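Visitor: I should be grateful for a close look at a single part of this structure, followed by an account of how that part fits into its surroundings.

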Amino acid sequence: MSGREVFGERPVSPVALVTGASGGLGRELALALDAAGCRVAVHYNSARAGAEEVAAKLVNDHVVVTGDVGDFAAVSAMYEEIVSRLGAVDVLVNNGAVRKDALMAMQDPAQWRQVIETNLIGAFHTSRVCVPAMLRARWGRVVNIVSPSALIATAGQTAYAASKAGLIGLTRTLAAECGRRGVTVNALSPGFMITGMTDTLSEKVVAGMREKVPVPRFVTPAEVARSVTLFLDQDCMTGQVLSIDSGASIT
């Protein structure tokens, strides 16, 4: 019996949960998955209007959900709402993230903890509620959005870098745990994008970052989001980090 025969089949219209889908990259991820035939759960934490704007652009059945991904009880309740309205989640995209930059010697410990709780522990919470049903179905996809900051030292980003490096470790280990039941776990690493998380940076900083990469321009959220559909069709790609970053990860 081949490995393919013991795996489940990809659903005709998979249910996809995109965290942090109210703007920037999250918006484009939701749109790309909708275009690929998914029924999307559009998650937001505080930007309800943005999430509803994204939902209004979706063609397939969808739902707007909210909850602090750093709170396991809130994530569990959110998952139950998705199941009741769309069905069990087949595709999980952990995009929700915050960034609180400061030199560690002067950073508020509460801010440092918030970054880890949202970016890393939040991905554990959503994976913990979504993955069991994927394993039972013997088909599922988990995509964790990481960053070149996980590999490239940038002063002032100890919390963000630690959260994203931890997320790469989570990706690889969860992939090892789930692969025999048809569930793949991969990471998508965008390069520098002008989004709500980065648009407060000075032009001097932005210009300096642009000149450091081999392809001297920033990637767009739409370019990154197009890559997420690759994971839907690849049964044997797991534990990998796909970088769409203008070469930032090789500098």
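**From one lysine to the sheet**

Guide: Leaving aside residues up to four places away in sequence, Lys100 touches Gln107, Gln111, Gln114 and Val115. The model in which these contacts appear is a predicted one. Lys100 belongs to the loop between strand 4 (91-94) and helix 5 (109-137). Its relative accessible area is 31%, so Lys100 is partly exposed, as the value lies between the limits of 20% for buried and 50% for exposed. Along the chain, Lys100 and Trp112 are 12 residues apart, and their C-alpha atoms are separated by 7.2 Å.

Let us now turn from the loop to strand 4, where Asn94 has its place. Asn94 has a relative accessibility of 5%, which means that it counts as buried, since the limit is 20%. When neighbours within four places in sequence are left aside, Asn94 is in contact with Thr19, Ala123, Thr126, Ser127, Val142, Val143, Asn144 and Ile145.

Strand 4 is part of an open sheet of 7 strands, whose order is 3-2-1-4-5-6-7 and whose pairing is parallel. At the edges stand strand 3 (62-66) and strand 7 (241-244), each of which pairs on one side only. On average, neighbouring strands of this sheet are turned by 20° against each other, direction ignored. In general terms, the strands of a sheet pair through backbone hydrogen bonds, either parallel or antiparallel.

Strand 2 (residues 39-44) shows how such pairing is built up. With strand 1 (15-18), strand 2 runs parallel and is joined by 4 bridges; here Val40 in strand 2 is the bridge partner of Ala16. With strand 3, strand 2 pairs in the parallel sense over 5 bridges. Within that pairing, Val40 stands opposite His62, and Tyr44 stands opposite Thr66. Helices connect these strands as well: strand 1, helix 2 and strand 2 make a right-handed β-α-β unit, and strand 2, helix 3 and strand 3 make another right-handed unit of this kind.

Other helices lie against the sheet. Helix 4 (residues 72-85) lies across strand 1, strand 2 and strand 3, and runs at about 165° to strand 3. Helix 6 (residues 158-178) packs on the sheet where it touches strand 5 (140-145), strand 6 (183-190) and strand 7, and its direction makes about 160° with that of strand 6.

Strand 2 also deserves attention for its setting. Of its 6 residues, 5 are buried, so strand 2 is largely enclosed by the rest of the structure. The largest nonpolar core has 29 residues, and Val40 is one of those with the most contacts inside it, together with Leu29, Leu33, Val93 and Val228. Two or more residues of this core come from each of several elements, including strand 1, strand 2, strand 4 and strand 5, as well as helix 3 (48-56). Helix 2 gives the largest share, namely 5 residues. Apart from this core lies another, of 24 residues, among them Val69, Tyr79, Ile82 and Ala133.

Finally, the contacts of Val40 may be listed. With neighbours within four places in sequence left aside, Val40 is in contact with Ala16, Val18, Ala30, Leu33, Asp34, Leu58, Asp61, His62, Val63 and Leu86.

Methods:
Residues numbered from 1 in each chain as written. Predicted model: local features only at pLDDT ≥ 70, side-chain atom pairs only at ≥ 80, totals over all residues. Heavy atoms only, no water. Pairing = 2+ DSSP bridges. Axes fitted to C-alpha atoms, helices over the stretch in contact; angles between N-to-C directions. Contact = heavy atoms within 4.5 Å. Buried < 20%, exposed > 50% of the residue type's maximum accessible area, 1.4 Å probe, protein only. Core = buried A, V, L, I, M, F, W, Y, C linked by side-chain atoms within 4.5 Å. Right-handed = clockwise from strand over helix to strand, strands pointing away.
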